[in-house]
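Subject: Structure for you to look over

Dear colleague,

I am handing over the structure we spoke about, and I would be glad if you could open it before reading further. My notes come after it.

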Amino acid sequence: ALEQWALDAFTLEKMSHTVPMTINSMQDTAQALVAQLGLQRHPEGGYFVETDRQIEEVGTPFVEGKPPRSLGTSIYYLLSRDSPNGYFHTNKSVTYHVHHQGRAEYTLITPRPGQKPLIERKIIGPNTENGETRQLLVGTGVWKMSRLLEADLKDNATGDKAGCLITEVVVPGFHWEDHAFLTKEGLKKLFSDAEEAKEFAAYVKD
Ligand code: GUN
C-alpha cells in the first residue's frame, strides 16, 4: 500500500493543475511588485512609494508667497486589479508620468475662466501606434484621475498581469499643502450641467 505522505503528495500535485491560474498569477504579479518595491496603499487609490526627495528647497512659483518646497520628488505608482483606479485630485506642482509596464487611462480636467473645463483622455502605455503615450506631463491645477482599462481587467485579458506601473516626478517636490481631492461640491462647480458630473461622480472621493 502507498504511504499516506505519497498519497497526499499525489493529491497536491493534481490539485495544483486545477487552480485557476489567470486571476491568481495576476494578483501574485501585483503583489510581487508591491513586495519588491516596498509599495504602500495611496489615499488617492493604487499603491506608491517615494523613491527620492531632494534636500535642496526652492520657493514654488505655483503658490502665492512662494513657500519653500523640495526641488523635486519621485514615486513609483501602481494601479492593480485590487485597486484599479484613483480619485480625482489636483497638485499645484507639475507632474511627469513615465511608463514602466501595463497601461492606464488618465482623465484630465483643466478649468478655464469663462469657459467649460477642458476634458482630455490619454492612455499611458507602450502601444504608441494606437496613440498610447509613454510620457504624460500634467500641469499645475489640473484635476486628474487614472484607471485600468475595462478590456485589460477581464479574466482572460492580455493586458499586463500586474496592472500599470509608472514613475511620477513632481516639480517642485510633492507637498500635501499643494494637493487637493475633488469634492462633490467642486465637481458641481466645474460642471453646472449634470452629464459630466454624473459620469465623474464615481471617481470623487467624498
Ligand atoms: N506622500 C503621499 N502621497 C505622495 C505622493 O503622491 N508623492 C510623494 N512624493 N509623496 C507622497
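What follows is an account of what was found, going from the chain as a whole to single residues.

Please keep in mind throughout that this is a predicted model. The mean pLDDT of the protein chain is 89, and 86% of its residues reach 70 or more, while for the complex the predictor gives an ipTM of 0.90 and a pTM of 0.86. Where pLDDT is low, the predicted coordinates should not be read in detail.

The protein chain holds five helices and 13 strands, and of its 206 residues 26% are buried. If one takes the contacts between residues at least 6 apart in sequence, 72% of them join residues at least 24 apart.

The sheet is a good place to begin. Six strands make up an open sheet, in the order β1-β2-β5-β12-β7-β10, with antiparallel pairing; its edges are β1 (40-41) and β10 (135-138), each of which pairs on one side only. Strand β5 (residues 73-79) is joined to strand β12 (residues 164-171) by seven bridges in the antiparallel sense, and in this pairing Leu 79 stands opposite Cys 164, whereas Leu 78 has Leu 165 as its bridge partner. Strand β7 (residues 94-101) also runs antiparallel to β12 and is joined to it by seven bridges; here His 99 has Ile 166 of β12 as its bridge partner.

Several of these residues return in the nonpolar core. The largest such core has 24 residues, of which Leu 33, Leu 78, Cys 164 and Leu 165 touch the most other members. At least two residues each are supplied by α2 (21-37), β5, β8 (104-112), β10, β11 (143-147) and β12, and the largest share, four residues, comes from β5. Leu 165 may serve as an example, since, with residues up to four places away in sequence not counted, Leu 165 touches Leu 33, Tyr 76, Leu 78, His 100, Gln 101 and Gly 102. In soluble globular proteins, nonpolar side chains tend to be buried together.

Which residues surround the ligand? They are His 42, Phe 48, Glu 50, Thr 73, Ile 75, Val 170 and Phe 174, and the elements that give two or more residues to this shell are β2 (47-53) and β5. By class, the shell divides into four nonpolar residues, two polar and one charged. Strand β5 thus appears both in the ligand shell and in the core.

One residue outside the sheet described above deserves a closer look. Val 58 lies in strand β3 (residues 57-59); is Val 58 buried, partly exposed or exposed? Because 15 other C-beta atoms lie within 10 Å, Val 58 counts as partly exposed, the buried class starting at 20 and the exposed class ending at 12. Leaving aside neighbours within four places in sequence, Val 58 is in contact with Arg 69, Leu 71 and Pro 172. The C-alpha atoms of Val 58 and Glu 177 are separated by 15 Å, with the two positions 119 residues apart along the chain.

With best regards

Methods:
Residues are numbered from 1 along each chain as its sequence is written. This is a predicted model: local features need pLDDT of at least 70, side-chain atom pairs count only at pLDDT 80 or more; totals for chains, interfaces and linings use all residues. Two strands pair if DSSP finds at least two bridges between them. A residue is near a molecule or strand if its C-beta atom, placed from the backbone, lies within 6 Å of it. Ala, Val, Leu, Ile, Met, Phe, Trp, Tyr, Cys and Pro count as nonpolar, Asp, Glu, Lys and Arg as charged, and the others, Gly among them, as polar. Two residues are in contact if their C-beta atoms, placed from the backbone, lie within 7 Å. A nonpolar core is a set of buried Ala, Val, Leu, Ile, Met, Phe, Trp, Tyr and Cys residues joined through C-beta atoms within 7 Å. pLDDT is the predictor's confidence in each residue, from 0 to 100.
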